[in-house]
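Trainee: I should be grateful for a close look at a single part of this model. Please set that part in the context of the whole chain.

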Amino acid sequence: MNERTVLFVCLHGAAKSVIAANHCQRLANDAGVAIRATFAGTEPDPEIAPVAAAGLLAEGIDVRDQSTHRVTSAELHQAWRVVSFGCDLQDLAPDVHVERWDDVPAVSASYRAARDAIVARLPRLVEASATSRPGR
């Protein structure tokens with residue numbers, strides 16, 4: 001089976017997108033689904049948010065070796081799916097469909113609330129990859 005990239009994008013590329021990519025990867029791995037989950041930011045912070053890193057580490061996901069970066073048009077075009085958290089990507093890729101999860105609470109307000117809102121949506125995304133035909 002071909003691996004599909006799911007790209008999660010948030011403003012700073014340091015919290016919501018990191019949580020989403022890492023939990024998506026874990027879920028896909030556990031389900032035996034060939035997904036490569038990645039994250040980026042439109043205005044990336046220099047490092048992953050400490051609250052996100054600590055929350056993930058408490059769940060057994062170590063992101064200390066991961067780093068933030070600015071999303072590129074090429075990444076958006078190459079992804080099988082793109083999910084954004086409160087940021088507009090139309091200037092970079094007006095022809096790419098972006099699924100918006102703008103209602104996820106701020107990680108700085110509550111890691112648990114943000115994490116739960118993200119994780120609740122991931123099974124549908126992983127299942128779509130497992131059941132859809134190859135290609136976009």
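Mentor: Contact here means heavy atoms within 4.5 Å. This is a predicted model, in which local features need pLDDT of at least 70 and side-chain atom pairs count only at pLDDT 80 or more, while totals for chains, interfaces and linings use all residues. Residues are numbered from 1 along each chain as its sequence is written, and side-chain values use heavy atoms, with hydrogens and water left out.

The part I have chosen is E99, which lies in strand β4. Leaving aside neighbours within four places in sequence, E99 is in contact with V82, V83, S84, R124 and L125. E99 is buried, with a relative accessible area of 17%; buried means under 20%, exposed over 50%, and partly exposed in between, for a 1.4 Å probe and protein chains only. By contrast with these contacts, the C-alpha atoms of E99 and I19 are separated by 16 Å, and the two residues are 80 apart along the chain.

The setting of E99 begins with the sheet. Four strands form an open sheet with parallel pairing, in the order β2-β1-β3-β4. The strands at the edges are β2 (35–41) and β4 (99–100); each has a single partner strand, so one side of each is left without a neighbour in the sheet. Strands are DSSP runs of E with at least two residues, helices are runs of H or I with at least four, and both are numbered from the N terminus. Two strands pair if DSSP finds at least two bridges between them.

The partner of β4 is β3, and these two strands pair in the parallel sense over two bridges. Within this pairing, S84 has R100 of β4 as its bridge partner. Four of the five residues of β3 are buried, so β3 is largely enclosed by the rest of the structure. Strand β3 (residues 81–85) also pairs with β1 (residues 4–10), again in the parallel sense, over five bridges. There, L7 stands opposite V82, and F8 stands opposite V83. V82 and V83 thus appear both in this pairing and among the contacts of E99.

Two further contacts of E99 are R124 and L125, and the range of helix α4, residues 111–131, takes in both positions. V119 lies in α4 as well; V119 is partly exposed, with a relative accessible area of 24%. The C-alpha atoms of V119 and H23 are 6.9 Å apart in space, although 96 residues separate the two in sequence.

The chain as a whole completes the picture. Four helices and four strands are present, and along the sequence they follow the pattern β-α-β-α-α-β-β-α. Of the contacts in the chain with a separation of 6 or more, 69% are between residues 24 or more positions apart. Of the 136 residues, 47% count as buried. Along its principal axes, the C-alpha trace spans about 40 × 35 × 25 Å.
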